[in-house]
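Please open the model in your viewer and keep the selection tool at hand. The tour goes from a pair of helices to the enclosed spaces beside them.

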Amino acid sequence: MYGRNETFQQMRSIKQSNVAANRLNYIPEALQMFRIHLGSRAAENTMERIKMAEKKNEKNNNDKDRASHKQKSENSEKPAEKKLKTMLENGNQLNPTPLCHIPLQRLMDIEMELVYTDEEDISFEFAEPMVSTSTRSVHGDSEKAAAQSTANGRALPHIDKELQMTLQKASTCYKENNHSAAVEQFSAALQICSKGAAVDNPLKSSAEDISSIASFIETKLVTCYLKLKKPDDALNHSHRSIILNPAYFRNHLRQAAAFRSLERYSEAARSAMIADYMYCLTGGTERHTSKLIKLYWQAMIEEAITREVSFSVMYTPFVTELKADKINKIKNMFAKRHPDYVEHIYTEPHGLHILPQTAEWLSLPPQKYSLTLGFRNKRIGKILERLSSRKLPIFSDQETPFSPLTEEETKMYWENTAKKILPVINFIRSTKLTDDHCACSPGIEKLHYASLLGHLQRFKEQSQVINQAMAELATIPYLQDVSQQDAELLQSLMADAMDTLEGRSSDKERVWNKIQKIGLIEDYLYEVEDNYLKNKRLRTSKMEIMKSTQSTQQYWRLGNTKLSLTNPKNMFAIQQTRKLTL
């Protein structure tokens, strides 16, 4: 366990160096004053942190102890992999144990323990733990900060006295179950932060410290609004808390609780999956806590599958690359198990999936699965398969890139297509932690969806979805390594999303709309090319027929027949044929 924890501590420092460009440049309306307060001191950008991560990666790769630990881990997994591979090659497709039902009361207990816990201390995102995580209680009603100094050795900042008193009043109201008063106090605390008074000495504070303080207030507002049965408000604040502090696992878990309250179970499952990963990534080793998060994640997947009637799914253990014959076997198995969903069947091609039953993050790597989907509507299934095969997601029904949809066409596209494919896209993401094709794909999908909502004049929903997309993008550097190209794309997406929330510049100038237009142009060119090749094949076929006809005519013209020349009738026939050919 010590070796595994040490590995994750190294991973954590690398991932934290990879974090996207200063998140305070992208926070929503209520926190814009931070940008004025921080000024040039908040100048760290994505590319610098990516370079730092590369240097640390290079150093860690030369660490003999770590290499030895990695080799032992790989050796211990080889027998299991060989066994699984043999079984798959023999045609015995293994399927995971069916998801067992988790009672509603159990879910409520998990939420009370992990979501509604009343933290009294702020969890600073960029702090190095000075005490063993095993000494922290997971059953207490408060969660102490596990950091005494930040990563560069400086002391943690002192919170402004006025802000501290306001937070104490808010905490008192929360403990007394006076959640409306707690909302007022936490909102007042947020206003104090927005005026630049988060810490005693603002000039010496860092962007990350203020970000952590603001995130703490936002996540407390989430719990208050959940208690007040206002899940939409809770969801908005959960997005903001993640944008400010993506590394804190409870921020993602509270987002999951808000999604669950809105009966958006696939999105709740994704949030719970990320929460479980973040818990382990940041040094959490309490099996009890990780088990509760996995149960919550599992329950959300089960609920999403149970309530969905337009498609069904099947997970298959993944060992080696899926070739055409294996995919056909999986499809045949799916058809036998789900005969009502065979109008269109396809196996999701990019990225591997992880299930809560086998997601042991501390034992690298967890078992991965391929996902097969079956649909009752053939058209929707084909659209989803086409979207899944793309490197960058496209969310449009435009036939050509040069003829945008009219208002009426947009409404028809929403009713007939978008509203039906969104649940499938969200479900695919519920067990897919990363995207091998494009790291920013989850955020781009949401931003395309937000643009569609804007065209439908549903601006409140559009704002919420943009905040959700920003939360996804802020989390990406913690989930996977980000290339320089992806980092630049991520930075542009975040900046444009913030501009959209503030109403700056037109929607046509957004990065995600440019991506969509390029994708539509590519589709148009591919379609033109396909039509050209089809016509070329037809022309080639016609030419071959004409050549065959000409050969036949030439055969008769030369009189190359087996007719006997001695027979007067045959001589007459040959003469007549020659006359015709002449």
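When the angle between two axes is over 145 degrees, the pair counts as roughly antiparallel. With that in mind, and remembering that this is a predicted model, select helix H16, residues 441-455, together with helix H17, residues 459-479, whose axes lie 8 Å apart and meet at an angle of about 170°. H16 and H17 are therefore roughly antiparallel to each other.

Next, show the side chains where these two helices touch: on H16 the contact residues include Pro-442, Lys-446, Tyr-449 and Leu-453, while on H17 they include Phe-459, Val-465, Gln-468 and Glu-472. Sorted by class, the contact of H16 with H17 holds ten nonpolar, five polar and three charged residues.

Now turn to the cavities, of which there are six of 30 Å³ or more. The largest cavity has a volume of about 250 Å³, and to find it you can select Leu-387, Ser-388, Pro-393, Arg-429 and Glu-445, which are the closest to its centre among the 20 residues that line it. Helix H14 (378-388), helix H15 (407-429) and H16 each give two or more residues to this lining, which divides into eight nonpolar, five polar and seven charged residues.

Which residues should you select for the second largest cavity, as the closest to its centre? They are Glu-267, Arg-270, Lys-446, Gln-468 and Glu-472, out of 21 lining residues, and the cavity itself has a volume of about 210 Å³. Finally, colour helix H11 (265-281), one of the elements that give two or more residues to this lining, since the largest share of the lining, five residues, comes from H11.

How values were computed. Residues are numbered from 1 along each chain as its sequence is written. This is a predicted model: local features need pLDDT of at least 70, side-chain atom pairs count only at pLDDT 80 or more; totals for chains, interfaces and linings use all residues. Side-chain values use heavy atoms; hydrogens and water are left out. Axes are lines fitted to C-alpha atoms, for helices over the stretch in contact, and angles run from 0 to 180 degrees between N-to-C directions. Helices (H or I, at least four residues) and strands (E, at least two) are DSSP runs, numbered from the N terminus. Angles under 35 degrees count as roughly parallel, over 145 as roughly antiparallel, 65 to 115 as roughly perpendicular and the rest as oblique. Contact means heavy atoms within 4.5 Å. Ala, Val, Leu, Ile, Met, Phe, Trp, Tyr, Cys and Pro count as nonpolar, Asp, Glu, Lys and Arg as charged, and the others, Gly among them, as polar. On a 1 Å grid over the protein atoms alone, a cavity is a set of points where a 1.4 Å probe fits but cannot get out, and a pocket is an open set with protein on both sides within 12 Å along at least five of seven lines; lining residues have an atom within 4 Å of a point. Grid points are joined across faces, edges and corners, and a volume is the space filled by probe spheres set on the points.
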